[in-house]
Structures are given as C-alpha cells and as structure tokens.
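Trainee: Pick one part of this model and take me through it closely, please. I'd rather have a single connected account than a quick tour.

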Amino acid sequence: QDFSLSFIVKDMTNPYYWRMGEGAKRAAEELGIEMNFVSAATNGDIEGQIAVVETELVKSPDAIVLVPMNGTALIPKVMEANSLGIPVITADTRVDDGPGKVETFVGLDEEESFAGMAEWVVAQIGGAGEVAILEGFRGSSTAELRLNGMMRVFNSYPDVEVVASIAADWDQEKGLKAAEDILQAHPEVDAILGTNDLMAMGAVQAVQGAGMSDQIIVVGDDAIPSALASMRAGGGLNATIDGNTDQVGYEAVMAAYRFVTEGVELDEWIVVPSSILEPADVTDEYLAARGIELD
Amino acid sequence: MNQPVPLVEMRNISKHFGGLQALTDACLDLYPGEVVGVLGHNGAGKSTLMKILAGAQTASSGEILINGDVADIQDPNDARAYGIETIYQELALCGNLDAPSNLFMGRELHKWGFLRKREMRREAAEALSKLNIRIKSLETDVEMMSGGQRQSISISRAVHFDAKIIIMDEPTAALGMEESKKVVDLIQDLKEHGIGILWISHDIHDVYNFTDRIVIFHGGKNVMTARTKDFTQDEIVSMIISGTPVKKEAAV
Amino acid sequence: MNQPVPLVEMRNISKHFGGLQALTDACLDLYPGEVVGVLGHNGAGKSTLMKILAGAQTASSGEILINGDVADIQDPNDARAYGIETIYQELALCGNLDAPSNLFMGRELHKWGFLRKREMRREAAEALSKLNIRIKSLETDVEMMSGGQRQSISISRAVHFDAKIIIMDEPTAALGMEESKKVVDLIQDLKEHGIGILWISHDIHDVYNFTDRIVIFHGGKNVMTARTKDFTQDEIVSMIISGTPVKKEAAV
Amino acid sequence: MTMFEKIRTYPLTWIVVVALVLAFALTMASPYFLTSGNINNLLKQVSIVAILAAGQSMVIITGGIDLSVGSVLALSAVTIGWLIQADVHPLIATFCGLAMGTLCGFINGFIITRGRIAPFIVTLGMLGIARGMALVITGGVSYQILEPLFLTIGNSKFLGLPIPIYFVIVTYFVIHIVMHYRVFGQHIYAIGGEERVARLQGIKVDREKLKVYTISGFLAALAAVVMVGRLAATPPSVAQGIELQAIAAVIIGGISFTGGRGLVLTALVGALIMAMITNGLNILGISSFWQQVLIGVVIIAAVWLDNLKSAARQ
Amino acid sequence: MTMFEKIRTYPLTWIVVVALVLAFALTMASPYFLTSGNINNLLKQVSIVAILAAGQSMVIITGGIDLSVGSVLALSAVTIGWLIQADVHPLIATFCGLAMGTLCGFINGFIITRGRIAPFIVTLGMLGIARGMALVITGGVSYQILEPLFLTIGNSKFLGLPIPIYFVIVTYFVIHIVMHYRVFGQHIYAIGGEERVARLQGIKVDREKLKVYTISGFLAALAAVVMVGRLAATPPSVAQGIELQAIAAVIIGGISFTGGRGLVLTALVGALIMAMITNGLNILGISSFWQQVLIGVVIIAAVWLDNLKSAARQ
Ligand SMILES: Nc1ncnc2c1ncn2[C@@H]1O[C@H](COP(=O)(O)OP(=O)(O)OP(=O)(O)O)[C@@H](O)[C@H]1O
Ligand SMILES: Nc1ncnc2c1ncn2[C@@H]1O[C@H](COP(=O)(O)OP(=O)(O)OP(=O)(O)O)[C@@H](O)[C@H]1O
Ligand SMILES: O[C@@H]1[C@H](O)[C@H](O)CO[C@H]1O
Ligand SMILES: [Mg+2]
Ligand SMILES: [Mg+2]
C-alpha cells in the first residue's frame, strides 16, 4: 500500500522511545504501510528535532506523528504541516494550544500521571514525611509538567515536605550523584521520586550504596526494561509509571491511518491509560503481554 | 655632555625575576643627538634595562626621567607617548602578518577606521628599500622570511614614525655587511636630526666608530660610563670582559 | 680539496616556496676537517640550503651525497643518522623547558626509560661552561633567558653529541665578544677532530680568518666557491654584494 | 601570482569544493536533497549556527573560545519572550533581547581581560550563569510568540529565500568587512598571531578583545531573534550544546585554534557542511544511532579532504 | 630557592589552597558537608571525572584536546555490559571493555597524526562514532550488571575509603611518574612547548602523540569500569557532555590550552573543586535554576583566586 507515515520522537538514546517504536512498527506491519521512525540525536536539541520535521515534510508523507520535544516550540512546524495539508497527530507530549492544528493527542497526561504517582507515594509514607525529587532537564516541557503535577499534590499535604528537588537531566549518573547528595543532607528522607527511570535507577544505586533500601521508597517513570528487571529482582525500585509506551506508538499509527484513509473524525484525546506498576505487577504474563524479554 | 637636560635618565634601576637579580642600581643617560653604546657580556642585563625603558617590563625599583621630569612608564604605550621607539632583540613581529602589517602595527593608516592598505604597502616598500633589503613579495607572512629580512622590518618600524629616542637592541645581529652598513648610516642620519639612540651591540668596531659614549654593564651593574674615545678599543674590551673599570683621568 | 671523497656534496639543489624561488641549482661540498664559510646577502638562500641538508625542509629538486653515496634526507632524524648536527638560525629551542632539557631533547639520558635528570644537569652545566656563558640557574626556562644565553644552549647541543658534520647558521650573532671567541676556538677544535663544519656568518673577519673555503650565494644561486685565502677580504665583500665573481686564476 | 594561483590558494576555494562534493554525493543518494523545498530548509537550518559561527570565528582568531553562546542565545530569547508576554512592543522586546546578549558578551570580555582568566573558564561559567538566568526569569516556562514580526522572520521568504538567510548574509558581510578592511580586524589578527607583540606595538589588546566577546554575545542574541522566529516560542532549554556545533563549523572551515589566521567566510561553509550532513542523513532516513556514527565519519572526512589542498599546493 | 619559595611556587600549592577555601566555605554553610559520609560521597563522585581529567591533561599538555572521552566511556561500558549479559566472564568482559576504549583512543591518535587533522575535529568525530556504536550495539538498552566484581567496585570500601578513589590514586600516581620521570613525559612537554622544535630535535612526535591519545582512550575505559560499578548498569546514554567537565577540571587546575606546561596533579584538584561545587549546592538544597548560575560563578571565582598567585609571587 502506498501510505507513508513519519513518526518523529525526541531521541532514541532513551529506551522509552525505543519501546514506542516497537509499538508503532507493530501497527505499521499490521497495516502494511511504510513508516519512517526518526528522531533528533539527543533529547533537548529542539533545533535538531525541527530540522527532522522539516526534512520529513519535504518527503510529503500522508501523515505525521510527532512527539514534540517542546510543547510550544514545535507549533510552527505543525502549522507548516497544516499548510501543506499533512495531518499531524501528537503522541506522548502535547503541543500547546495555539494556531497549530493537531488531529488528536495519543497518550497519557504527564501532569496527571505524576500527580497520581505523588498520591501513591504519599499513601506509602502514611501521609507524612520527607520526599525528594529528581527533575528532568529544566525548561523542557516534560520536566516542567511532571514537576507541576507532583508539587501540586505534595503542597496539598501539610505533613509532606519536599526537602530537595534537584535537576539530574534525565541522566542515570547524574541521578546517582544527586541522590547521594540528598541522602547526605536529608538522611531522614522517605521517598525519592525520579521523573524518569534512568534517574530513578541512579537513585536506587545511591540508596543501596547507603544501605538504606529498607527505609526509602524510590519510584520512576517509563517502565523501561532495566527498571522492570530491577523491580522483578526486588532490586530496590518500588514503582514506575507504565505509560504503555508501546501502546501509545501503536495507537498513534492506527489513528493516523484511519484518519487519512477512512476520514474518520478523531477524538480530541485518545487516552492510553497509564498505571503505576509495582514489583508484584511485573509478572511473566505482564512481560509476555508487552513483548519484553528480561534475562 | 653636550647639553644640560638629558633626554633620558635612568636612575638606580633594579630588577629581579623571582630570585634572580637581573639589574642592580643600573644608571644610564642619553642626550639629544647622541648615540650611546650599551655594552656587556651575554646576560649582563642590557636587554632588561632597555625593556624597562620601553615599557615592556617594569622595574622593581628606581626611576626614569624623560627631559628632566619623572616619567611613569607602565606599558609600551606610555613609552611611545614619550617618543620612545624600540627595536627588540627578539624583533617583536607577528609572524602571521606581512611586512606592511607589521610595520604599521598599532598605527595603521586609515580613513574612518578603514585601512588604507595601498598607502601602507607603498610606504612599507619605501621604508624597506632604504635599508637595501631584498624582499621578494611584500605579501609574504613575516614568519616565512629570512632572519635578516625580519630584522630589517623591525628596524624600519622603529625609525618610520617620529621618534625622539630609539632603542636598538642588537639591530644588526642578523644583517649582512651591506645591510649593516645601511643601518649604521641610518644611525648617523637620525643622530643628525637630534634623536637620541641607545645602541646595544657586541660589535666593538661599530661601537667604537659610531657611538659618542658607552655604558658598560657586568652582571647587572654599571662598570663604567664614558666618552667612547677616552678609551682604546682594547681597554673597552677588557672592561666588558673583566667587569672592572680601567683607571684613567679622563673617565667621566 | 684535501681528500678525495667529500663528506657532503649538495648538487643542483633548487627550492621554491609556492611562487618564490629561494634556491636555484645550488651546489656545495664539504670535506672532513674542513670549515666552509657560507656567505651571501640577507635572503640569499643560505639558511634554506642548510635546512635542506638538516632535513628540516626538503628540496624541490637536486641531490645530496654523503661520503659519496646518495643520501635520502626526508626529516631531521635522517640527517642525524648521517651524523649531521645543526645550530639553526632561529635556535630551535623549546622556551618552556630548561637548558638541560633542551640540550638533551630527543636524546635524553635514561635508564629503562626513566630520566637521569642529575646526569643531564651535570653534563649540561659542563657543556655550557665550556662556552663561558653565565647562566644563573639551570632550572630557568629557556624563554626567560637572554639572547646570547639561548644561543649558547643551541651551540652546546650541536657539539655535545658525536657529530661528523655540523651546520652553524650564524652561531655567534647574539654572542658577546668573549663568548664568540670561545665558539671560534671550538670550531678550530672540532676541525682538528676531523669534523666538517658549514659556517654561515656575516662577520667577514671571522670568516676570513677561520675558514678553509667559502661558498658565496646571491639570490639563491652560487656566485663562487673558492679557497678563502685565494681572495682578499675586500674581494670577498665585493662578491657578496655584487653577486658576480671576481676573475682570478686561482679560483677553484 | 596568476589569477588561477590566486583562486587556488584562496582559503575559501577548497572548502567550497568539499561542500560541493558533499552536496553532489547527497544529490546522488536522495532525490529529495536537491529540491527547492529542501534547499530552503537547509538555508533555514544553517542560519542559527552560521550566525553563531561568525562570532565564534572572531573569538577563535584572537586565540580564545566562547562556550557561552548557546546559553546566551537562550537568555536573549527568553528576555524577548518574557517582555512580549508582558505586552511590551515586540521591537522594544527585540532590542532588549539584543542588549541582553550583548551585555553577556561584554561581561565575558570584561572578566577575561580584567581578571586575566582563561576564556574557556569564563565562558564556561557564563554558560551556566546565562542558562540559569533564563530558567529563573521564566520559571522554566516557554512563552508562545505569535507576533507577526517573528512569524515573518521564521516563515516568510524574500526574493524566494527564507528570511533567516538574510540575517546570515548581513552578518557575514559586516564581519568580513570588519575583519579585512578595518583597523579593528587588523588588530584581531595581530592579537591572535602573537598577543605579546601586539601589546608591545601599542595595540590596546584588552579593549579589542572586549569588543570581540561583546560582538560574539550580540551575534548570539541575533541568532536568538531568528530562533524565536523559527520556534514561535522561547523555551529556556533551547540551543543546548549548540556551542560545539558553532565551534565545529569554524574549525571545519579551516580556522585553527592557534589563532591569528583564517577567513571568517569559511566558517559559513563549515556551518553549511555540518547542516548538510544532518539534513542529508535525515533525508536518507538513516537511524539516529547510525546517524551519529556517520556524522562523525563525514566530519573527519570533510576536513581530511580539505587538508588535501596542502598536498595539492606543493 | 628556599624551602618556602619552593612550596610557594609549586603549581599545586595555590590550587590546593583554593580547594581548601571552598571546602571551608561549604563547611560553614552546611553541617552536612564535612561529615565522613559526605566526604566518602565526594570521593566517589569525583572519581570518574578525575580519571578522565588525567588523560585529558596529558592531551592538553601536548597542545591537543580529546572531546570523545564521554562517548568512549559509554562504548567501553556497554561493551562490558553486552559481554556480561552474553555470559562472558566479568574479567574478560572488563578486559574487552578496556581494549575497546584503548582502541578508540588509538584510532583518534592515528587519524590525528596520519591525517594531520585537528584533534578537535577528530575527537568530535569520535564523539559521534563511539556514542553511535554504543547505541547500535545495545539497541539503546541498558544492561543491569549485578556481578560481584562491579558491585564491589561501586559500593565497597578498602581501608575506610571507597574503591573508586583507588583507581584515581593509581591513575595519578602512574601518570605523574610518566610525565615527570620518564623520557616519554619529557617528550610530551617538548611537543606541547613547540612541536616544530621537537620534530627538529628528532623526537618522534607522531608516535608520542599517538601514545597520548591511546592513553586517554584507555583511561576513558578505566573510568567506564568505575561507572559500571557505580551504576550497576550500562546505559548507552551515560556520560554525555562529561568531556566538558573533564576539560574544565584540567583548566581550573591551571593547565593551559597553550600546552607544554602544567602538573597533571592539579587536574585532580580541579576535578575535586568541580565536584565540591555540585555536591555543596546539592547539599545546600539550592534550586536547580540557581545552581547553574552558582556553578558558573564559583568556577570563575575559583580560577580568579588561583590567579592571585601570580600577583602574590611578585
Ligand atoms: N623574564 C625573565 N625571567 C627570568 N629571568 C630573566 C627574564 N628576562 C631576563 N632574565 C635574566 O636576566 C638576565 C639578564 O638578561 P638580559 O636579557 O637583560 O641580558 P642581555 O644583557 O641582554 O644579554 P644578551 O647579550 O645575551 O642579549 C639573564 O640572566 C636572564 O636569564
Ligand atoms: N618557509 C618559507 N616560505 C616562503 N618563503 C621562504 C620560506 N623560507 C625562506 N623563504 C624565502 O626564501 C629566501 C631565502 O631565505 P633564507 O632564510 O634561506 O635566507 P638567508 O640567506 O638565510 O638570509 P639571512 O642572512 O637573512 O638569514 C628569502 O627570500 C625568504 O623570504
Ligand atoms: O517521557 C519521556 C521520558 O521520560 C524521557 O526520559 C524524557 O523525555 C520524556 O518525554
Ligand atoms: Mg639582550
Ligand atoms: Mg638565514
């Protein structure tokens, strides 16, 4: 079939998008369509992603699925696609409201799912205690949304204190260092929330290194394979948000295809449910269902 | 001492580099229209003293008087303001630039900030031809040039602008005979125009024949200041080597 | 020509830098125990020819024979392998290192790769004292030293290792009288040991008194090769300046 | 020198040849490369790095380095964004943004010359300071800029070419004049050649260097204006790591860290080569993993090709 | 020179004083800073950058630069991770990881010396190539490494000090000996001082440079071993941008880009200063916006303080 789709994510150094690609490719195979799954080189290189979008537009695909690196900065590219008559669907991260026309958004609500994670943590620590946050790359919309979601919840509990909130730029080693420092300055901390799994895995190492695995809860986000492996091994990660990333990729491709070929009106938001995954949830069935192999 | 107020008077200049004492109470004076030879063994402190006058280094102690007034020379621009030009022993050229650029460095000819390249080229060609130096292309970067060619550029630069005092630190060391001769002629010419010249040289013939007075240093200290012709060439050589003054009534 | 096979023979060496022709069919030979003066105006191509022999530059055309055999000198190491040592006009010192480090550069004394610093220091002190140079501290970086001090280090280095051929490109240009004298003595001493010396100098007295033969260049071409004493000092000067050989039966 | 000699030894010639070789290879590899749409893209994509590279090359010719350009760009951009959302007139906001970048550059130059601190350190410090300030001002928020002024800059064409490229042309024209026809430029080359000598010859080295860093800051702000136009937004995280691209453009062009040499125009070609590589690999649909590998290989190859000129010159 | 003179002019003295001033300030600011727990922390945290800085300082002393260390570290780490998950014995895996880093360094040196290409370009190329290869090998996946060997490296202590610091000590001990007591080190200083002269004096400049880049690659791999121990995992995205930290450590220590000068040990202090700044600000709980600003300010201030030594020496 001569249907071509460009699926543009942020970067591929993070297993998260790798997983999204697997879902997207599954859909593309089912539909028998041609798909370009591409990204900028690093998460943060907005200009790089814009260049990728521009290049894809030159190839006049039938539709574009975009995971915008920044909610506002990609609007002009959405508008450019609009003016070329190429429909745009966003996934995982939204573009902000504005002049860009997006057919639908596929994914979870970053702010809400992190609010949910914050609630979960508050419940775990009995409604009172000290928590610390490992922030993503500040100024990126994902980082800001996640932070907002958590802070909103924590601020609503008078007995919960956010004792530290440190940017670790989505990076595992920086997450490790920041967590080590947090443990020094706040030995009483009850929970460390990583805003992605890489940073959370760094925190797990720090907590283990300090021999405090029993006292401190560590949570992350993305449900990347190494996080799942750690949870299964009882390795110290207490929970992660499973945004059903592969599902997001799958649904986005499907939606794009139906929109173009069948002309169906899409819902404004195709919700892919997110859930908080605990070690007990990482069963063989779960892994099999998600097509993940751990060894 | 043909005139009452010296152009330059350096008094009790001392200079140490960390633990190394390069100059100890060095004194020197220079009158208009006079050529003073600055002599001494290698490492005697001649260049250091000259650099202090040129503003390239600052003295640890001592003072400098220009035209009888205490002068505050902190950097090369201060020295220039007093009309002091210098031919440095190390030449002080930018190897990455051509001869005209080096000649006019810091004093480029310009109109509203725009370089007058053609004029500078022409003037440079003229200035260099006075020294009889053969430079095949004025566009060549100076670092590609022969030792003598480079030295000539450095000399041309020092004499091209209206200086009152010119420091020449071994100006003919790399020059051929003919080219050296031209420089010696030039010195006579400058002298006639009332310019004072400090001339460092190891060539005792030239010094003997073309300087009015000599100052001899040894290990950073003055050995002797005298009218050149008050001594024989041999006596001067002996003072340079031994570092002790030859006793004579006529000595200043 | 006191021996049949010359130590060095350079034949028809040409060299151009882009459009600039620095040497045209330049020839030169040198026999063991001989001092050959290489003369010419500034920019005549003397240093370029010497650099080609030293492996610092490669000729555009021409060939070099060492002991009668064609030698392939592509880099300084090749030249060294033939026993050629060079005192470069630009001295070729590392300003960031001290005198012993410069003296032994590339030929450090060591035991299993570990530097024998004390030995090198001692030998360097000895080598420098032979030239009568005053260097206050051997730990000082060379870039802090006076022009003459630096030149002495460069000279010491060239004569310290067992060379068969020594190129001296204006070795005494920055030296004091006494220091120059030492170098001239040194040259005589090396000569007696059968070493061949190529000596570039603008000092006609020294050249006249202490060389066996002279080669004169002008604008990159040979003017004349002759036994020194076949000409008067004035004739040599005239050839250097005019670039035309003085006709004489005795000329080689 | 013959005309041919002159062209052959002009620093721009070879690097332009290298760029053409690359363009030819990409045209062969993909039908999309040499389309007018893609050329337009390329011109837009190169513009920001090209503007930064112009300032960077001046800095590098003095023998320095400016690591702060990406952060200064971001700070200038958020200054504009912040003022516009506070209802300041876009022209005034733009002016303030330019002033902000210029000020950062001035501070760089001031500390480098007065404190005698290595440019690497000072501009690394400014990299943190300006980025931090951008975040502080905005609280991490990215403002949407829908002002016609910026939309025009980002999306319109003039005489068939995208507007950003005119910023580039004007920048390089002015810098080229400054470097080769003005006393100031002459001083920059002297300082880069041998700073000590420049000082001895009475050049006010500190003042000239101060100017150079200030210009680099100003150009970072000018690049910010283009950036705001292209993004229609001012994310404080923008232009992270772009300094490395700007420096690479300069070095690929053939200007060396040693200082004192080089033609600023070559940096433009260097930036173009970098942009072509990324654009070409994107168009070919190479996976981003292999892209990184290939970008590395092609950069080295391009410079190697450029180096062949010295061989050819013999 | 008197003993006092000697100490006063030893390159290490002032930068150590600067480090102590910073430590004192942080101790005053936070009760947590000078606890044994935090000192342990600091020693672990500094280790990776410190090891990289040792190699980097050798490179910088030759007058070069190595931008590839972060990527080479990542490639070495994933090599280890990939082999271990394929059930290769951890020691063999480690050996292969070290070999991989060494090979990358060798390739850098080879291209720099044979191709006569600027180190900036070659190592920038390698930055892309090695990172890309790390991603290609793993497909972006991070392996968990629960081998006792690495857990010990990451979490155990020996004589009261964390294991990584012993890697640092051995590295600096060896490099110090090499640089100041071996012929090779002497050649490195000569090459950095004046490469042309080194060549004229018969130093095999290319061979020595090749060795230096190879060592830098090896040390990146050694840092990878520590990294794997610390993370118990091998994320291919690890250590991005760490080259800037390593270079900054070297320059803060007082080694200059000009080359030919400096004491490698100062880079260790430079790395320590950088680590203290981040650690201190984290402990003080400074917001991430202001952290960037403060890191910038403190880096500049530290170097400014260090520069005062020249004033003091007069
Ligand atoms: N920047 C410096 N740092 C340390 N020592 C220095 C410095 N400059 C000069 N010296 C030392 O000061 C002494 C005097 O040096 P100076 O260059 O003045 O000698 P000079 O008389 O000009 O000798 P020459 O005839 O060889 O040029 C020398 O011992 C030299 O090593
Ligand atoms: N690397 C180079 N590039 C271009 N031209 C050069 C280069 N080296 C030397 N030249 C030119 O070649 C000619 C000969 O230079 P050379 O240094 O051999 O002269 P020389 O006889 O040693 O003069 P001097 O007595 O002044 O030292 C000069 O015109 C010089 O400008
Ligand atoms: O959701 C993704 C991941 O969490 C990643 O780690 C950072 O970028 C976000 O968009
Ligand atoms: Mg002197
Ligand atoms: Mg010469």
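**The ligand sites**

Mentor: Start with B:Asn42: an N or O atom in its side chain is 2.9 Å from an oxygen atom of ligand 1. Before going on, note that this is a predicted model, so local features need pLDDT of at least 70 and side-chain atom pairs count only at pLDDT 80 or more, while totals for chains, interfaces and linings use all residues. Residues are numbered from 1 along each chain as its sequence is written, chains are lettered from A and ligands numbered from 1 in the order in which they are written, and side-chain values use heavy atoms, leaving out hydrogens and water.

Back to ligand 1, which lies between chains B and C. It is surrounded by 20 residues, with B:Lys46, B:Ser47, B:Thr48, C:Ser146 and C:Gly148 the closest; to be near, a residue needs a heavy atom within 4 Å. Two other distances involve ligand oxygens: 2.8 Å to a backbone N or O atom of B:Gly43, and 2.7 Å to an N or O atom in the side chain of B:Ser47. Ligand 1 has 640 Å² of accessible area on its own, and the protein covers 92% of that (Shrake-Rupley method, 1.4 Å probe). The elements giving two or more residues to this shell are β2 (20-30) and α1 (46-54) of chain B plus α5 (147-160) of chain C; these are DSSP runs, helices being H or I with at least four residues and strands E with at least two, numbered from the N terminus. By class, the shell has 6 nonpolar, 12 polar and 2 charged residues. Here Ala, Val, Leu, Ile, Met, Phe, Trp, Tyr, Cys and Pro count as nonpolar, Asp, Glu, Lys and Arg as charged, and the others, Gly among them, as polar.

Now look at ligand 2, also placed between chains B and C. Of its 20 surrounding residues, B:Ser146, B:Gly148, C:Lys46, C:Ser47 and C:Thr48 come nearest. The shell takes at least two residues each from α5 (147-160) of chain B, and from β2 (20-30) and α1 (46-54) of chain C. On the chain B side, a polar backbone atom of B:Met144 is 3.1 Å from a nitrogen atom of ligand 2. On the chain C side, a side-chain N or O atom of C:Asn42 is 2.9 Å from a ligand oxygen, and a backbone N or O atom of C:Gly45 is 2.8 Å from one. Cover is 92% of the 640 Å² that ligand 2 has accessible on its own. Its shell divides into 6 nonpolar, 12 polar and 2 charged residues.

C:Ser47 turns up again at the magnesium ion (ligand 5), whose protein donors are C:Ser47 (OG) and C:Gln89 (OE1), lying 1.9 to 2.1 Å from it. C:Ser47 is in helix α1 of chain C and C:Gln89 in the loop between β6 (84-87) and α3 (99-103), so the pair ties together parts 42 residues apart in sequence. Donors are N, O and S atoms within 2.8 Å of the metal (3.2 Å for Na, K and Ca), and water is not among the atoms, so the site may look incomplete. Both C:Ser47 and C:Gln89 are buried, meaning under 20% relative accessible area, with exposed over 50% and partly exposed in between (1.4 Å probe, protein chains only).

Methods
A polar contact is a pair of N or O atoms within 3.5 Å; within protein, one must be able to donate a hydrogen and the other to accept it, and residues adjacent in sequence count only if both atoms are side-chain atoms.
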